[in-house]
Amino acid sequence: MQPRRSAQWYAGDDRNSYIHRAWMRRGLPADAFGGRPHIAIANTASDLTPCNAHLDEVARSVADGIYQAGGIPLNLPVVSLGETQVRPTAMLWRNMAAMAVEEMLRANPIDGVVLLGGCDKTIPALLMGAASVDLPAVVVPGGPMLTGTFRGAPLGCGTDVWKLSEEVRAGSLTAAEFQRSESSMIRSKGHCNTMGTASTMGLLAEVLGMTLPGVAGTPAPDSRLLEAAHATGVLAVQMVDADRTPSVVMTRGSFLNAIVALAALGGSTNAVVHLLAIAGRLGVELSQDDFDQVGAEVPLLVDLLPAGRFLMDDLYRAGGLHAVLAEIRDLLDPTAVTVTGQPLVDHLDGARVYDREVIRPREQPLRPHAGIAVLYGNLAPDGAVIKPAAASPELLQHRGPAVVFDSVEDLHARLDDPSLDVTANSVLILRGCGPKGYPGMPEVSNMPLPAKLLGQGVRDMVRICDGRMSGTAYGTVVLHVAPEAAAGGPLGKVRTGDMIILDVENRRLDVDIPDAELAAREPAPEAVKAFAAPARGWERLYVDTVGQANTGADLDFLLGSSGDQVSRESH
């Protein structure tokens, strides 16, 4: 067996090894430094990340498993991003969190790591950081919350916030009733119970091969999550012995499997930027077009909000992720392995569906074609994405006049103005919300509808933005437009009244003016004025180096990996 990486710190009898051992003794036995694997538990628990607040409890079960298997568990708090709390957007710090994880894993005397995440950006950041170091790593997803109820009906957190708030604006729900639903929405510990980004990335972490098979989707309050956490601690020690690293597990086949699963699950469009970013850290060939080419024809099988009716604890009850994957097993790459060393498909034997309302048969899907559609045209030279399963079918081919907003502030100031020249046929355009422009590419693309149209019964319109939208959101929303307006993209040149053509079937997004005229236009001055221009700190580093949505919105100098080697001693 090769010497442990941690032996570079602890082995020997010189002054430096003495220092490393002595300061870590604090109750550890002497044999803790004699070759036992040291396993970090990268823990994103935080009271300000409410969806991850229970991960300290999960970490204790992981630690018990590590110790049982002969390892030394080491709690490593890492940057935690609360999607519902941080401003201007958690996405601004995904790359910072990933960089912090990478640097701390490399700098410390560890042989492997267990990654604890749940809220939207935490699992992507953990996987990006771990991929860049390429030490044995395994994820424990924190799991979804249990379903709350309001007025006798189940509540989908996120999705029903959008619905209920629109009811208030339409005058069909009182503000008092809306406030009363607040305490019903979040029933237990855990992340969103819809098929939002948190649920999507927890499930896709397993499809990528990076979790103990069968754990993803386990509700956060379920005691089986702690049982799986314990087993993951045992597995982490075994992975160190086998030198089973992220680059061994997450191959191109693993990412293509994730794209197939994304479609069948009706998962979040945010998975596009996260999977591209993770692949970029590994040097795995993956492009935005793969999501369309591989996933577009995959049927939607899971009837969950926002594209369906049920919620995450219903999916777990109905058979869970493995039951879904078993329905599309022939579409999965059989060579892609998991952290167990065995192919993903081998873990699907015996999977059963217990509720065919929640998980539909392959021959009776909710929708026959449910993947992410990637659009190109003179409005999106480098592409844009739309989730047809969450859109209104009659709007997937549409022509209408643009109503342009130069910033989020402009949107909020004018959207409900009774004099706004807007009809149900209009196309709402919001710009300045890409990675550079906001900064951080916030979840604002699913713009509210104008109040006067809500009053007329309108519940969906075509909306276009260079930002993202919450995975819990719904509607005919074109997002991730690249290049963004702040990077010189044509979205910055569109004017109110221009005719916009959306043709999802033919994968087109265009503004109906001659290309020469569009090229000759100057960007709208009010939009340019609103673009982010930070003077210092992380925001400046981010704006100066972030890539566009079609490549994963990672920082240009973080693409690829640097491995686990540290060249110099600290004393």
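**Exercise 1. Met441 and its loop**

Find where Met441 sits in this predicted model, and decide whether Met441 is buried or exposed.

*Solution.* Start with the location: Met441 belongs to the loop that runs between strand E10 (427–430) and helix H17 (451–454). Next, check the backbone. Phi of Met441 is near 60 degrees, which is a positive value in a residue other than glycine. Last, look at accessibility. Buried means under 20% relative accessible area, and Met441 has 0% relative accessibility, so Met441 counts as buried.

**Exercise 2. Arg151, another positive phi**

In which loop is Arg151, and is Arg151 buried, exposed or partly exposed?

*Solution.* Go to the loop between strand E5 (148–150) and strand E6 (153–155), and you'll find Arg151 there. Its phi is near 55 degrees, again positive in a residue other than glycine. For the accessibility step, partly exposed covers the range between under 20% and over 50%. Arg151 has 47% relative accessibility, so Arg151 counts as partly exposed.

**Exercise 3. Gly475 and its surroundings**

Place Gly475, classify its accessibility and list its contacts beyond its neighbours within four places in sequence.

*Solution.* Gly475 is in the loop between strand E11 (462–465) and strand E12 (477–479). At 3% relative accessibility, Gly475 counts as buried. Setting aside neighbours within four places in sequence, Gly475 is in contact with Ala390, Ala391, Asp460 and Arg463. Now try a longer span: Ser17 is 458 residues from Gly475 along the chain, and their C-alpha atoms are separated by 59 Å.

**Exercise 4. Cis peptide bonds**

Look at the peptide bonds from Arg87 to Pro88 and from Leu305 to Pro306. Are they cis or trans?

*Solution.* Take Pro88 to begin with. The bond leading into Pro88 from Arg87 has omega near 5 degrees and is cis. Pro88 lies in the loop between strand E2 (72–77) and helix H4 (94–107). Then do Pro306: the bond from Leu305 is cis, with omega near 10 degrees. The loop holding Pro306 is the one between helix H13 (288–295) and H14.

**Exercise 5. The nonpolar cores**

How many residues does the largest nonpolar core have, and which have the most contacts inside it?

*Solution.* The largest nonpolar core has 124 residues. The ones with the most contacts inside that core are Leu127, Leu204, Met250, Phe255 and Leu275. Zoom in on Leu127: not counting residues up to four places away in sequence, Leu127 touches Leu115, Val139, Ala205, Leu208, Met210, Met250 and Ile278. There is also a second, separate core of 26 residues, which includes Ile386, Ala391, Val404 and Leu518.

**Exercise 6. Helix H8 and its partners**

Why can helix H8 be called largely enclosed by the rest of the structure? Which elements do its buried residues pack against?

*Solution.* Count first. Eleven of the eleven residues of H8 (residues 197–207) are buried, so H8 is largely enclosed by the rest of the structure. The buried set includes Thr197, Ser199 and Glu206.

Next come the partners. The buried residues of H8 pack against helix H5 (122–133), strand E4 (137–141), helix H11 (252–265), helix H12 (270–282), helix H14 (312–317) and helix H15 (320–327).

Take H5 in detail. The axes of H5 and H8 come within 9 Å and cross at roughly 35 degrees. Ile123, Pro124 and Leu127 of H5 meet Met201, Gly202 and Ala205 of H8. By class, that contact has five nonpolar, one polar and no charged residues.

Now H11. H8 and H11 pack at an angle of about 140 degrees, with their axes 9 Å apart. That makes H8 oblique to H11. H8 passes H11 in a right-handed crossing. Thr200, Leu203, Leu204 and Val207 of H8 make the contact with Ser254, Asn257, Ala258, Ala261, Leu262 and Leu265 of H11. Sorted by class, the contact of H8 with H11 has seven nonpolar, three polar and no charged residues.

Finish just past the helix: H8 is followed by Gly209, whose phi is positive, near 100 degrees.

**Exercise 7. H3 against H9**

Describe how helix H3 (residues 55–68) packs with helix H9 (residues 223–242).

*Solution.* The packing angle is about 40 degrees, and the axes of H3 and H9 are 7 Å apart. That makes H3 oblique to H9. The crossing of H3 past H9 is right-handed. Residues meeting here include Val58, Val62 and Ile66 in H3, and Leu226, Ala229 and Val237 in H9. By class, the contact of H3 with H9 has eight nonpolar, five polar and two charged residues.

Definitions and conventions: Residues numbered from 1 in each chain as written. Predicted model: local features only at pLDDT ≥ 70, side-chain atom pairs only at ≥ 80, totals over all residues. Heavy atoms only, no water. Core = buried A, V, L, I, M, F, W, Y, C linked by side-chain atoms within 4.5 Å. Buried < 20%, exposed > 50% of the residue type's maximum accessible area, 1.4 Å probe, protein only. Contact = heavy atoms within 4.5 Å. Helix = DSSP H or I, 4+ residues; strand = E, 2+ residues; numbered from the N terminus. Axes fitted to C-alpha atoms, helices over the stretch in contact; angles between N-to-C directions. Parallel < 35°, antiparallel > 145°, perpendicular 65-115°, else oblique. Left-handed = near helix turned anticlockwise from the far one by under 90°. Nonpolar A, V, L, I, M, F, W, Y, C, P; charged D, E, K, R; others polar.
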